[in-house]
Amino acid sequence: MAVKGAITVDTEKCKGCSVCIANCPTGTIALSKQVNGKGYNYAYMENPENCTGCTNCATVCPDAVITVYRVKI
Amino acid sequence: MDIKDIIKPENVVYSKTPVLSDAIMHYCPGCTHGVVHKVIAEVIEEMGIQDKTIGISPVGCAVFAYNYLNIDWEQAAHGRAPALATATKRLNPDKYVFTYQGDGDLASIGTAEVMHACNRGENIVIVFINNAIYGMTGGQMAPTTLLGQVTATTPYGRDAKLNGYPLKITELLAQLEGTCYVTRQSAQNPASVRKLKKAIRKAFENSMMEKGTSFVEVVGTCNSGWKMSPVKANKWMEENMFPFYPLGDMKDR
């Protein structure tokens with residue numbers, strides 16, 4: 001059964017700590033070149049086609065800024 | 001499939017728990033405190049005890065914990081959270097009472113309070129964040145600092161002759177008759193966060209069963225104090241902290 005996922009990041013609250021990137025098993029997430037109001041490079045889906053919605057990134061996020069979505073195809 | 005079709009309210013599999021407030025945490029990027037706050041909030045939501053939980057915040061970085069969890073809070077003097085929790089739980093036996101303390105607060109100035117609260121077997125939960133350093137005050141040596149670890153006050157590394165040995169307070173508390181559940185966990189990857197969540201849930205459940213004190217240590221990082229990136233700090237913790245502070249349950253009855 002195939003699944004596809006996606007994440008949204010609360011970019012103003014993200015501090016760019018990169019812990020989600022280190023724990024993403026599919027290499028979906030990267031830090032944006034843009035910065036938020038506090039000057040942090042925030043996390044975003046660089047390779048959205050890879051996301052499986054496994055929730056690993058949101059589980060380890062210290063600031064609870066990631067929401068995860070998943071659908072079965 | 002287009003991303004717009006995936007990002008819909010009915011497809012949400014993980015979102016921030018409403019027990020966490022919308023305030024932006026003041027912690028440094030990648031701080032373990034944020035993860036542990038989130039895990040406690042999720043346990044409170046899952047157990048449906050938001051209006052029955054009283055937290056005691058410490059002195060240290062986590063002093064502002066009361067801004068981040070939408071529950072009742074008290075704020076204790078340095079190290080005195082277990083004493084305040086004792087009174088709160090005895091006066092409100094139907095409430096879930098927990099303290100949230102760092103290693104400077106619990107293992108140094110609050111050693112007497114935590115020892116005696118655990119020895120009396122108070123029906124409270126103690127969450128102990130051990131990052132081996134005084135984070136808020138600028139990265140000085142804590143009782144839990146590892147031998148050889150460089151801090152602001154041990155620039156050549158902690159030396160046992162000069163600074164004594166690191167304190168394994170969790171092992172000490174496991175010896176006491178009053179504790180029912182003593183465990184050491186971490187929160188650096190998804191598996192460890194899930195284990196931590198189970199441990200904290202068990203501790204909260206114990207506190208209503210009159211079994212004694214439940215003590216959950218979380219080995220964490222202070223990447224600012226350690227002067228590392230968050231990801232590197234997690235790796236350093238796995239390589240250096242875990243051999244000295246092994247994870248797992250020390251007591252469960």
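Two residues count as in contact if their C-beta atoms, placed from the backbone, lie within 7 Å. The views below show a predicted model.

**View 1. Chain A meets chain B.** The contact draws 29 residues from chain A and 26 residues from chain B. On the side of chain A that touches chain B, four elements each supply at least two residues. They are strand 1 (3-9), helix 1 (19-23), helix 2 (56-60) and strand 4 (66-72) of chain A. Strand 4 of chain A gives the most, with 5 residues. What classes of residue does this side of chain A hold? It has 14 nonpolar, 10 polar and 5 charged residues.

**View 2. A sheet is shared by chains A and B.** Here, 3 strands form an open sheet in the order 1(A)-4(A)-1(B). Their pairing is antiparallel. Which strands stand at the edges? Strand 1 of chain A and strand 1 of chain B do, each with a single partner strand, so one side of each has no neighbour in the sheet. Direction ignored, neighbouring strands of this sheet are turned by 35 degrees against each other on average.

**View 3. Bridges link strand 4 of chain A to strand 1 of chain B.** Strand 1 of chain B covers residues 12-14. It is joined to strand 4 of chain A by 2 bridges, and the two strands run antiparallel. To follow the pairing, pick out the partners. A:Val68 has B:Tyr14 as its bridge partner. A:Tyr69 has B:Val12 as its bridge partner.

**View 4. Chain A on its own.** Chain A has 2 helices and 4 strands. Read from the N terminus, its elements run β-α-β-β-α-β. Why can chain A be called as compact as a globular protein of its length? Its radius of gyration is 12 Å, close to the 11 Å that the globule rule gives for 73 residues, so the description fits. Along the principal axes, the C-alpha atoms of chain A fill a box of roughly 40 × 20 × 20 Å. Of the 73 residues in chain A, 48% are buried. Now take the contacts in chain A with a separation of 6 or more: 65% of them are between residues 24 or more positions apart.

**View 5. Two helices pack in chain B.** Helix 3 (residues 81-91) and helix 5 (residues 111-120) of chain B pack at an angle of about 35 degrees. Their axes are 7 Å apart. Helix 3 of chain B makes the contact with B:Pro82, B:Ala83, B:Ala85 and B:Thr86. Helix 5 of chain B makes it with B:Glu113, B:Val114 and B:Ala117. By class, the residues of this contact are 5 nonpolar, 1 polar and 1 charged.

**View 6. Strand 5 of chain B is mostly covered.** Strand 5 of chain B spans residues 125-130, and 6 of its 6 residues are buried. In a regular strand, side chains alternate between the two faces of the sheet. Which residues of strand 5 of chain B lie on each side? One side holds B:Val125, B:Val127 and B:Ile129, and the other holds B:Ile126, B:Phe128 and B:Asn130. Both faces are covered.

**View 7. Strand 5 of chain B and its partner strands.** Strand 4 (residues 96-102) of chain B is joined to strand 5 of chain B by 5 bridges, and the two run parallel. Strand 7 (residues 213-219) of chain B is joined to strand 5 of chain B by 6 bridges, again running parallel. Look at B:Val125 in strand 5 of chain B. B:Phe98 stands opposite B:Val125. In strand 7 of chain B, the bridge partner of B:Val125 is B:Ser214.

Note on methods
Residues numbered from 1 in each chain as written. Chains lettered and ligands numbered in written order. Predicted model: local features only at pLDDT ≥ 70, side-chain atom pairs only at ≥ 80, totals over all residues. Nonpolar A, V, L, I, M, F, W, Y, C, P; charged D, E, K, R; others polar. Pairing = 2+ DSSP bridges. Axes fitted to C-alpha atoms, helices over the stretch in contact; angles between N-to-C directions. Rg over C-alpha atoms; globule rule 2.2 N^0.38 Å. Buried ≥ 20, exposed ≤ 12 C-beta atoms within 10 Å, placed from the backbone.
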